[in-house]
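Trainee: I would like a close look at a single part of this protein. Please set the scene first, then go into detail.

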Amino acid sequence: MADVSKKKKNVKNSNGGFGIKWRMLLMIVPVVVVALVVVSLVSTNIASTEISETMSSYVDSEIQANINTIDSKLESIRNTAENLSVFVSETYQIAGMDTYAKIFGDVVTESDLITGSGIWFEPNVYTGDEAYANQEYVGPYWYEDGASIVEDWQYSNAEYDYFSQEYYTNAKALTTLNATITDPYYDPSSGTIMASCSAPILVDGNYIGCITCDITLDVISELVGSIKVGNTGMATMITSDGTYVYCSDAEKYENGVKITEDSTDEIYEISEYIMSNVEGMHEFGTSQSLNAYFDTVPEVGWKLIVVMLQSEVNEAVNKMVRITVLISIIAIVLAVVIIFFVASNIAKTIINVNNFAKELASGDFTVSEMKSNRTDELGAMSKALNEMFRSNKGIISNISSESGNINDSASTLGAMSQQLAAEFSKIQSNMVSVNDAMMSTGAATEEVSASVQEVNTSVEDLARETESVAAEVKNIKRRASDIQEKSRAAQESSTQIA
C-alpha cells in the first residue's frame, strides 16, 4: 500500500474547499477567542466592583478606626468632666478652694488633651469657702504653666460674664448629667485648635453651675494629619457646621473657613452632600477624578474625610486588566496550538482513510491494511474499513480462482470442439469417397448392361456379382446413414458444449 500519511496535504482539499483541519480551526478558534473575551470582560467587571468595594471598605475601616480613636479620647474627657461634676455637686458646700485646686490641677497634669479646667458656679451658690461666699461670679480656672499649675480668676467677673459663654449655656440647657463638647476653634494666643467640654453640676435636678475642661486638639490634628491611605489619600476634619478643624492648608482652619464656603477647593462641589450625610463616598473633581470617603465622630458631629485619586483606586483594576489580557493572549495561543495539533491528527487519520477508500474504489486490492492506534470513532472507522477490505479481498480471490477454472474448462471445450470438427471433416471426406464410389459403380453397371450381349456367357456370374455389389452398396448406404446421424449428433453436442 502507498504510504497515504505522507502524501502532500494542502490548506484546501481536492474539491477546492478548506480541509477539515482548517475548518476546525476557523470554527473553534473564534469560539475560544469570544469565550475568553467574554470571561475577561465579566471577570474584569466583577473584579472592578470587588476591588472598588474592597478599597471602599478599607478606607472606611481606616476612617472608622481613627474616628474610634478620636471618640475614645473625647469620651475620656467627657467622663472626666462628668466625674468632676459629680464630685463638686457633692462637696460644693464643704470643700475649700484649695481642695478643688489640687484635684483639678491633677486632672490637667495627667491629661495630654486637657490644657485647663474650671468650675463655674451660679450666683451665690458656692458656700464651701467663706472667702467666696455670697459672690455672683465664682469661676476659678486652673491651667498648666510649665511644671506648675496656675489658678486663674480673670474670667470670674462681669466683664467676661461666663454666664453668656457657649460652654456655660450648653451645660445649663442639659437636664441630665451629660458632658458636651463645643465645636473646635482656633486660639491665636496658643496657636492651637481648641474646644471646651462642659458638664452641668446638678443637685436634686437643679442646675448650680458647670465644669469645663478645655481641650487642645493638637493630638487629634496630628492623628488626622498622620492618616494616609495609599499614596494619595489625605485626611481632613471639619466640625458639625463645616468649619475646618484640620486640612492641608493651615490658613483655612486658622481663619475658621468652612467647607461649604471654600470655593477654591474642588471638594466644595460635594460639600453639601458631605454635610447632609453621616457617612458615604462620592466622586468629584474637574481637573482630575477624586473619591471622597467620610464618616462622623459620634456625639460631636465632626466629620473625618479622606480624599484620594480615583486613578489609584483603579490601579489594581487596571493591573488586573493587563494581567487578564496577557493571560487571555497566552490562552488563545495555546488553544490555537492545541487545536491545530488535534485537528492535524484528526485530519491525518481522515486523509489516510479517504486515500485508502479511494484505492479500494479503484479496484486495487493489493494494498496493505491501514495502521491505526486510535481508540475513538476514527479508529473504529479504520478498523471497519480494514474488515471490509479483508472480506472483499477474500471474495475477489475466490472469484479469481473460479475464473481460472472456467478458463481451463473453456480451453478444454475448445480443444474438444476442434477435435470434433476434425472428425467431422474426416466423415465428410469419407462420404465424398463413398459418393464417388457409388457414381463409379453406376457407370460400371451401365457399361455392363451395354455389354450384356457381349457378356451373355457371363450373365450368371455377373448376376451373382451384382447381387454381391448390391448387398455391399446397401451396407455402405447404411454405414453412411449411421455416420450422418453420428455427425449430426456430434454437431449438436458441439453446439451445446460451445
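What percentage of the residues in the protein are buried? And what does I51 touch, not counting residues up to four places away in sequence?

Mentor: Note that this is a predicted model. Of the 498 residues in the protein, 32% are buried. The secondary structure comes to nine helices and 13 strands. The protein exposes about 28,900 Å². Carbon and sulfur atoms supply 54% of that area. Now the contacts. Take those between residues at least 6 apart in sequence: 55% of them join residues at least 24 apart.

That brings us to I51. This residue lies in helix α1, which covers residues 20-91. Leave out residues up to four places away in sequence, and I51 touches V313, A316 and V317. Look at V317 in that list. I51 and V317 are 266 residues apart in sequence. In space, their C-alpha atoms are 6.9 Å apart.

Next, helix α7. This helix spans residues 310-361, and V342 is found in it. V342 has 37% relative accessibility. It counts as partly exposed because that value falls between the 20% limit for buried and the 50% limit for exposed. V342 also helps make a nonpolar surface patch. The other residues of the patch are L326, I330, L334, I338 and F341. The patch has an area of about 600 Å².

To recap the part you asked about: I51, in helix α1, touches V313, A316 and V317.

Terms used: Residues numbered from 1 in each chain as written. Predicted model: local features only at pLDDT ≥ 70, side-chain atom pairs only at ≥ 80, totals over all residues. Heavy atoms only, no water. Helix = DSSP H or I, 4+ residues; strand = E, 2+ residues; numbered from the N terminus. Contact = heavy atoms within 4.5 Å. Buried < 20%, exposed > 50% of the residue type's maximum accessible area, 1.4 Å probe, protein only. Areas by Shrake-Rupley, 256 points an atom, 1.4 Å probe, with all protein chains shown as cover. Patch = residues over 30% accessible without salt bridge, like charges linked within 9 Å, V, L, I, M, F, W, Y side chains within 5 Å. Salt bridge = Lys/Arg side-chain N within 4 Å of Asp/Glu carboxyl O.
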